[in-house]
Amino acid sequence: MSAKKTVECPECAADVELPADVVEGEIVQCPECDVELEVTSLKPLKIDLAPEEEEDWGE
Ligand SMILES: [Zn+2]
């Protein structure tokens with residue numbers, strides 16, 4: 001029924017909107033502090049700070 005889900009950013013406590021079809025493991029970005037958040041669980045809905053991945057572009 002509810003189209004949008006919101007969770008609280010663990011970093012700044014802002015409301016972060018998640019798409020209705022959000023899946024576990026999805027990475028979303030906090031609109032307030034720009035931190036990357038990973039959806040760790042859907043029921044109940046939980047997010048956590050995404051692990052920082054250093055992209056290695058083969059330098
Ligand atoms: Zn935040």
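Of the 59 residues of the chain in this predicted model, 10% count as buried. The C-alpha atoms fill a box of roughly 50 × 20 × 15 Å along the principal axes. Among contacts between residues at least 6 apart in sequence, 17% join residues at least 24 apart.

**Confidence of the prediction**

The average pLDDT of the chain is 90, and 95% of the residues score at least 70. Confidence is lowest in E1, where the mean is 92, and highest in E4, where the mean reaches 96. As a general caution, predicted coordinates should not be read in detail where pLDDT is low.

**Overall architecture**

The chain contains 5 strands and 0 helices. Read along the sequence, its pattern is β-β-β-β-β. The strands are described below by their pairings, beginning with the N-terminal hairpin and continuing to the sheet.

**The hairpin of E1 and E2**

Strand E1 covers residues 5-8 and strand E2 covers residues 15-18. The two run antiparallel and are joined by 4 bridges. Within this pairing, valine 7 stands opposite valine 16 in E2. The hairpin has 6 residues between its strands, and alanine 13 takes a positive phi near 70 degrees there. Alanine 13 is not a glycine, yet its phi is positive. Is this residue buried or exposed? Alanine 13 counts as exposed, because it has 11 C-beta neighbours inside 10 Å, and the limit for an exposed residue is 12 or fewer.

**The loop from E2 to E3**

Alanine 20 is placed in the loop between E2 and E3. Alanine 20 is exposed, since 9 other C-beta atoms lie within 10 Å. The C-alpha atom of alanine 20 is separated by 26 Å from that of glutamate 53, and the two residues are 33 apart along the chain.

**The sheet of E3, E4 and E5**

An open sheet of 3 strands has the order E3-E4-E5, with antiparallel pairing. E3 and E5 stand at its edges, each with a single partner strand, so one side of each is left without a neighbour in the sheet. Neighbouring strands of this sheet are turned against each other by 40 degrees on average, direction ignored. In a regular strand, side chains alternate between the two faces of the sheet.

Strand E3 spans residues 27-29, while E4 spans 36-41 and E5 spans 46-49. The antiparallel strands E3 and E4 are joined by 3 bridges. In this pair, glutamine 29 has glutamate 36 in E4 as its bridge partner. E3 and E4 form a hairpin with 6 residues between them, and in the turn aspartate 34 has a positive phi of about 65 degrees. Aspartate 34 is thus a residue other than glycine with a positive phi. What is the exposure of aspartate 34? Aspartate 34 is exposed, because 9 other C-beta atoms lie within 10 Å.

On the other side of the pairing order, E4 and E5 run antiparallel and are joined by 4 bridges. Leucine 37 stands opposite leucine 49 in E5, and serine 41 has lysine 46 in E5 as its bridge partner. A hairpin joins E4 to E5 through 4 residues. Which peptide bond in the model is cis? The bond from lysine 43 to proline 44 is cis, with omega near 0 degrees. Proline 44 lies in the loop between E4 and E5.

**Summary of the strand pairs**

The table sets the antiparallel pairs side by side.

| Strand pair | Bridges | Residues between the strands |
|---|---|---|
| E1 and E2 | 4 bridges | 6 residues |
| E3 and E4 | 3 bridges | 6 residues |
| E4 and E5 | 4 bridges | 4 residues |

Each of these hairpins has a backbone feature described above. Alanine 13 has its positive phi of about 70 degrees in the hairpin of E1 and E2, aspartate 34 has its positive phi of about 65 degrees in the turn between E3 and E4, and proline 44, which follows the cis peptide bond from lysine 43, is placed in the loop between E4 and E5.

Conventions. Residues numbered from 1 in each chain as written. Predicted model: local features only at pLDDT ≥ 70, side-chain atom pairs only at ≥ 80, totals over all residues. Buried ≥ 20, exposed ≤ 12 C-beta atoms within 10 Å, placed from the backbone. pLDDT = per-residue confidence, 0-100. Pairing = 2+ DSSP bridges. Axes fitted to C-alpha atoms, helices over the stretch in contact; angles between N-to-C directions. Contact = placed C-beta atoms within 7 Å.
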